[in-house]
Amino acid sequence: DKVFKGGLLGTDYIYAKYHTATHLLLAALRKFYGESVLQRGSNITEERLRFDFSFDHKLEPDELRKLEDYVNSAIKEEVPVEKLTMPLEQAHKMGAMGIFEEKYGDVVNVYKIGDYSLEICGGPHANNTKDLGTFKIVKEESSSAGVRRIKAVLK
């Protein structure tokens, strides 16, 4: 399997769907907890996504439900996922989030999911949020100091 930046293993559509779901999860975390929440790692298999992010406390069940509901509302809205190709500088100017700055070339792909998410990314994505099914968080735990981990599935 070809390994993409960001822990993506393979290009099957299931991976593309999970990868799109990580963008929505990050968008939800930043909406509810602010811009200080950053991606710290991601790993995707055919069964689940694992997403690590900077955060200072354990998320309670009601907080996890709120994140799930936000992602599922984006899925229900059937939002198209747009791929935009542009110079890195232009991507930054339009407010696109980037994670691992040093890995980007001069021209980048920016994935726009309606008003939910705008991220620089190298991996494949679903064409529309409706393709994701239902997003369900199955576990939340500590990954390391100041970093939490969410495992989630699409059904």
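Me: What makes the contact of Arg30 with Glu35 a salt bridge?

Reply: In this predicted model, the closest N and O atoms of Arg30 and Glu35 are 3.1 Å apart, and because a salt bridge asks for a side-chain nitrogen of Lys or Arg within 4 Å of a carboxyl oxygen of Asp or Glu, the pair qualifies as a salt bridge.

Me: Why is Arg30 called buried, and why is Glu35 called exposed?

Reply: Arg30 has a relative accessible area of 15%, and buried means under 20%, so Arg30 counts as buried; Glu35 has a relative accessible area of 63%, and exposed means over 50%, so Glu35 counts as exposed.

Me: How do you know that Arg149 and Asp52 form a salt bridge, and where in the chain do the two residues lie?

Reply: Their closest N and O atoms are 2.7 Å apart, and the criterion is within 4 Å, so the pair is a salt bridge. Arg149 lies in strand β9 and Asp52 in strand β4, 97 residues apart, and the pair thereby links distant parts of the chain. Both Arg149 and Asp52 are buried.

Me: What makes Glu68 and Lys136 a salt bridge, and which parts does the pair tie together?

Reply: Their side chains meet at 3.6 Å, N to O, and the cut-off is within 4 Å, so this contact counts as a salt bridge. Glu68 belongs to helix α2 and Lys136 to strand β8, so the pair ties together parts that are 68 residues apart in sequence.

Me: Why is Lys136 called partly exposed?

Reply: Lys136 has a relative accessible area of 37%, and partly exposed lies between the limits of 20% and 50%, so Lys136 takes that label.

Terms used
Residues are numbered from 1 along each chain as its sequence is written. This is a predicted model: local features need pLDDT of at least 70, side-chain atom pairs count only at pLDDT 80 or more; totals for chains, interfaces and linings use all residues. Side-chain values use heavy atoms; hydrogens and water are left out. Buried means under 20% relative accessible area, exposed over 50%, partly exposed in between (1.4 Å probe, protein chains only). Helices (H or I, at least four residues) and strands (E, at least two) are DSSP runs, numbered from the N terminus.
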